[in-house]
Amino acid sequence: SASSASSGLALLADLRGKRGLGVAGAIGAVTGAMLATYTAVLLGNTAIPIWEATRRRMPVWFAAGSAASLASLVELLGGRAADRLPRGYTLAAKAAELIGARSVEAAADAAGVARPLREGRSGRMWRGAAWLGAGSLIATIARRPRLAGVLGTAAALLLRLAIVDAGRASAADPRATFQPQRRAARTR
């Protein structure tokens, strides 16, 4: 509620021609960042092996992905919004999304449940999204905003589809499903 209300007030202020982020915009940014991580927290608190294994890294990755998606969308649309979004924000958000995705993959590797990120449909989507995200970052560096926006938006969509599909594949894999239980039994 706080995110929607403050973002709406910030939009109204912007439509009236008031410059700057303002209090409503700042509150909207903070609460929006928290809202962006909420889905990752919910996914991580499930019995799906890959999501459970990456539950501590997924929220940070989701927040970075949200920031990178905003940057890509602004680049794609151009105009006044593009002039107001700092270039440093765009570069940092895109780099953070790539690093976050790699961190999620490393956590899945450490837990022995990374197979869906490497094989099958989810693996192809995961790799494709990584290449699109890297291409988007390179296009941003090369000051090609429209291309960066298209690549970044495609990467964001593909990453989200890949992690959902990887969850399904992970749940269908008996080794991934029982491996965390066996590991917990050994530590007791």
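1. The expected span of a helix is 1.5 Å times one less than its number of residues. Helix α4 has 20 residues, so the span should be 28 Å. The C-alpha atoms at its two ends lie 28 Å apart, which agrees. Note that this is a predicted model.

2. Burial along α4. The buried residues of this helix start with M58, P59, W61 and F62. They continue with A64, G65, A67, A68 and A71, then S72, V74 and E75. An α-helix has 3.6 residues a turn, so residues three or four places apart point the same way.

3. The end of α4. G78 follows the helix. The phi of G78 is positive, near 65°.

4. Aromatic pairs. The search of the whole structure gives 2 of them. One involves W61 and F62: the ring centres are 5.4 Å apart and the planes meet at 75°. An angle over 60 degrees counts as edge-to-face, so that is the class of the W61 and F62 pair. A pair of aromatic rings is described by the distance of the centres and the angle of the planes.

5. Setting of those rings. W61 has 4% relative accessibility, so it counts as buried. F62 has 16%, and the limit for buried is under 20%, so F62 counts as buried too. W61 and F62 join W126 in one aromatic cluster.

6. Ahead of α4. T54 sits in the loop between α3 (49-53) and α4 (58-77). Is T54 buried or exposed? Its relative accessible area is 1%, so T54 is buried. Leaving out residues up to four places away in sequence, T54 touches V104, A107 and A108. Helix α6 spans residues 87-111.

7. The glycine in α2. G44 belongs to helix α2, residues 22-44. At 2% relative accessibility, G44 is buried. Its contacts, not counting residues up to four places away in sequence, are W51, E52, R55 and M58. M58 is also among the buried residues of α4. The C-alpha atoms of G44 and R57 are 9.2 Å apart, with these positions 13 residues apart along the chain as the separation.

8. Internal space. Rolling a probe the size of a water molecule over the atoms shows where empty space is left. How many cavities of 30 Å³ or more does a search of the whole structure find? It finds 1. The largest cavity has a volume of about 30 Å³.

9. Lining of that cavity. The residues are S72, K94, E97, L98, G133, S136 and G152. Two elements, α6 (87-111) and α7 (120-141), give two or more residues each. Helix α6 supplies the largest share, 3 residues. By class, the lining of the largest cavity has 1 nonpolar, 4 polar and 2 charged residues. S72 appears here and also among the buried residues of α4.

10. A backbone point to check. Most residues other than glycine have a negative phi, and most peptide bonds are trans. R143 is not a glycine, yet its phi is positive, about 60°. R143 lies in the loop between α7 and α8 (145-172). Is R143 buried or exposed? With a relative accessible area of 59%, R143 is exposed.

Terms used: Residues are numbered from 1 along each chain as its sequence is written. This is a predicted model: local features need pLDDT of at least 70, side-chain atom pairs count only at pLDDT 80 or more; totals for chains, interfaces and linings use all residues. Side-chain values use heavy atoms; hydrogens and water are left out. Helices (H or I, at least four residues) and strands (E, at least two) are DSSP runs, numbered from the N terminus. Buried means under 20% relative accessible area, exposed over 50%, partly exposed in between (1.4 Å probe, protein chains only). Contact means heavy atoms within 4.5 Å. On a 1 Å grid over the protein atoms alone, a cavity is a set of points where a 1.4 Å probe fits but cannot get out, and a pocket is an open set with protein on both sides within 12 Å along at least five of seven lines; lining residues have an atom within 4 Å of a point. Grid points are joined across faces, edges and corners, and a volume is the space filled by probe spheres set on the points. Ala, Val, Leu, Ile, Met, Phe, Trp, Tyr, Cys and Pro count as nonpolar, Asp, Glu, Lys and Arg as charged, and the others, Gly among them, as polar. Rings of Phe, Tyr and Trp (its six-membered ring) pair if their centres lie within 6.5 Å; planes under 30 degrees apart count as stacked, over 60 as edge-to-face and the rest as tilted.
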